[in-house]
Number of protein chains: 2
Amino acid sequence: MPAVKKIAKLVVCGVGLIGGSFALALREAGLVGRVVGVGRRPEPLAAARQLGILDEICTDWADALSGADLVLLAMPVGQMDAVAAAMAPHLGPDTVVTDAGSTKRDVIEAIYRHLGAHLANVVPAHPIAGAEKSGPAAAQSGLYRGRKVVVTPLPENRPAAVARVREVWSACGAVLHEMSPQEHDRVFAAVSHLPHLLAFGLVHDLAGRANAEQLFSYAASGFRDFTRVAGSHPEMWRDICVANRHSLLAELDAYLAELAYLRALLVEADGPALEAVFADASRARNTWADKAFPAIPSGE
Amino acid sequence: MPAVKKIAKLVVCGVGLIGGSFALALREAGLVGRVVGVGRRPEPLAAARQLGILDEICTDWADALSGADLVLLAMPVGQMDAVAAAMAPHLGPDTVVTDAGSTKRDVIEAIYRHLGAHLANVVPAHPIAGAEKSGPAAAQSGLYRGRKVVVTPLPENRPAAVARVREVWSACGAVLHEMSPQEHDRVFAAVSHLPHLLAFGLVHDLAGRANAEQLFSYAASGFRDFTRVAGSHPEMWRDICVANRHSLLAELDAYLAELAYLRALLVEADGPALEAVFADASRARNTWADKAFPAIPSGE
């Protein structure tokens, strides 16, 4: 593998778990000169500087983008439109821009809306990594090791810009994949956005009960794992759900049909049919988990 | 604490994760003389004997119950009726019987139906512990350490029999609670049975898709944790869902109302209302998990 060209100046917009971990991984790989942070609120930026994630904080896009080699947009996707508009006048012809948004169609619409003059160098992507803890304090250099990054290149992208984004994520330890934005948003509605919505919904339902405290006191490790994603960042997930609501509604409706089927089986006390569903699911889930997470004992 | 009287002969019916772990814990505590296993199928019993969980296998309730001090019924709850009927003619007046069923009203109905002459000594209970791996090979002496055991005593129980069941579970490291069977079944419908049904349903829905392989290939740690309980024992969960279907249907309907609300917010792209739900859920979930699982970093 040829040596990866250094990033003399990296700009990260939204220095939380995702942006912070990207900067730390590139620092650890010795690939980054200066890391500049941009964001809405001063506190996380100051914290990120304190933690050694950032070298510098910019409050102004002109300063931030001046001489930038690479920009990672890692704020919640709801800010993409405003950020793309603010960047546009200051973006140089050689700066490569990528993002870490969990949805791709809305991000790409914002790119076309505001960065039409820069499409050669703006390469949308999505790292499949996260944790229910957010913020720069949760950032870690190893977050992307062995994780997938899905790149959804634009037809207008320069091949060299796509290759640059791929090699930088590879340097973080990630495994690269490509998909169309439409396919990306459909797939992640099913395996990520819907489970988040379902977990948020269950905890919200129970937390509003008069006996919520009793209920939670008897909840055990199954409930803990089922609801782990309900501990996620509310604004980030608001933005994802709104941005990808069409695919998410299609998935939710498919799931509601499944629940209607299970409900009918419960009403009829149809044990054999319930067992058939559970056996299918159990087999599929354990086969998948044994393959996808071979190192992790599933009884953890 | 006064010394716990030894169990000269312990009978375990259903020697899987739950029954096997109970026997191992009492063995480790030095509280058990001989452990006798009873069950439908010879293979798990033979495996349990091989693993040192059992000293002896009985194929006959008369032999098994002769001179038994304590009986734990740890088979799926759907077998309770047949097992109680089979035991009844052979149960001695001094043998204490308890169970480990995840539902209590149906177990108690079977007890009244078949063990009416023995109600003084039959004490229903439910250890709140499990793992998605089942069978005797998954059994471990530490399974119940720090876990709750809910006892739902019958009005006819001798206080000494209830005390005996409590002290034996305490010796396994468990923390004892008492509830009415009705309250038990309502609480666990909400925090255990519904999450299992929801997780089984999601995996079943996705596994049946034409692009199931692609979907699973992009599923990550959030999906892994959300679906962990979908790896559980299909027959056991069939029995629980059928036995507790009335409480479970009430919980499912409350959840469907929550999903209908979330669906309406998605249709309207109502970001602020979605964020309010997610923020409530996130706060409740993290507050609970930090308290309930203080030793486990939530980003595991």
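Biologist: Okay, so copies here are superposed by least squares on the C-alpha atoms of residues with pLDDT of at least 70 in both. What turn lays chain A on chain B?

Modeller: A turn of 180°, with a shift of 0.0 Å along the axis, and the RMSD comes out at 0.0 Å. Bear in mind that this is a predicted model.

Biologist: What kind of axis is that?

Modeller: A two-fold axis.

Biologist: And which C-alpha of chain A is nearest the axis?

Modeller: The one of A:Phe226, which sits 2.0 Å from the axis. Both copies use the same surface, too: 100% of the contact residues of chain A recur in chain B.

Biologist: How many residues of each chain are in contact?

Modeller: Chain A puts in 79 residues, and chain B puts in 80.

Biologist: Which helices of chain A supply that side?

Modeller: Helix 7, helix 8 (212-218), helix 9 (221-226), helix 10, helix 11 and helix 12 of chain A give at least two residues each. Helix 7 of chain A has the largest share, with 18 residues.

Biologist: What's the mix of residue classes on the side of chain A that touches chain B?

Modeller: There are 48 nonpolar residues, 15 polar and 16 charged.

Biologist: You listed helix 10. Is helix 10 of chain A enclosed or open, and why?

Modeller: Largely enclosed by the rest of the structure, because nine of its 10 residues (the helix spans 234-243) are buried. A residue is called buried here if 20 or more other C-beta atoms lie within 10 Å of its own. The buried set in helix 10 of chain A includes A:Trp237, A:Arg238 and A:Asp239.

Biologist: What do those buried residues pack against?

Modeller: Elements from both chains. Within chain A, the buried residues of helix 10 meet helix 5 (105-114), helix 7 (181-207) and helix 11 (245-267). From chain B, the partners are helix 11 (245-267) and helix 12 (271-292).

Biologist: And what do the buried residues of helix 10 of chain B pack against?

Modeller: They pack against helix 11 and helix 12 (271-292) of chain A, plus helix 5 (105-114), helix 7 (181-207) and helix 11 of chain B. Nine of the 10 residues of helix 10 of chain B are buried, so this helix is largely enclosed as well. Among them are B:Met236, B:Ile240 and B:Val242.

Biologist: Switching topic. How is chain A divided into domains?

Modeller: Into domain 1, residues 7-179, and domain 2, residues 183-292. Their centres, taken over C-alpha atoms, are 30 Å apart.

Biologist: How many residues does the contact take from each domain?

Modeller: It takes 14 residues from domain 1 of chain A and 16 residues from domain 2 of chain A. On the domain 1 side, four are nonpolar, six are polar and four are charged.

Biologist: What about sheets? In what order do the strands of chain A run?

Modeller: Six strands make an open sheet in the order 3-2-1-4-5-6, with parallel pairing. Strand 3 (56-57) and strand 6 (122-123) of chain A are at the edges with a single partner strand each, so one side of each has no neighbour in the sheet.

Biologist: How many bridges pair strand 4 and strand 5 of chain A?

Modeller: Four, between residues 70-73 and residues 96-99, in the parallel sense. For instance, A:Leu72 has A:Thr98 as its bridge partner in strand 5.

Biologist: And over in chain B, which strands does helix 1 touch?

Modeller: First, the sheet: chain B has an open sheet of six strands, paired parallel in the order 3-2-1-4-5-6. In it, strand 1 (residues 7-13) joins strand 2 (residues 32-38) through six bridges, with B:Ile7 partnered by B:Val32. Helix 1 (residues 17-28) of chain B packs on the sheet and touches strand 1, strand 2 and strand 4 (70-73), its direction making about 165° with that of strand 1. Helix 6 (residues 159-171) of chain B lies across strand 4, strand 5 (96-99) and strand 6, at about 55° to strand 5.

Biologist: Last one. Where is A:Ala269?

Modeller: A:Ala269 sits in the loop between helix 11 and helix 12 of chain A. Its phi is positive, about 50°, although A:Ala269 is not a glycine.

Biologist: Is A:Ala269 buried or exposed?

Modeller: Exposed, with 11 other C-beta atoms within 10 Å; the cut-off for exposed is 12 or fewer. In chain B, B:Ala269 also has a positive phi, near 50°, and lies in the loop between helix 11 and helix 12 of that chain.

Methods:
Residues numbered from 1 in each chain as written. Chains lettered and ligands numbered in written order. Predicted model: local features only at pLDDT ≥ 70, side-chain atom pairs only at ≥ 80, totals over all residues. Contact = placed C-beta atoms within 7 Å. Pairing = 2+ DSSP bridges. Axes fitted to C-alpha atoms, helices over the stretch in contact; angles between N-to-C directions. Domains from an automatic or database assignment. Nonpolar A, V, L, I, M, F, W, Y, C, P; charged D, E, K, R; others polar.
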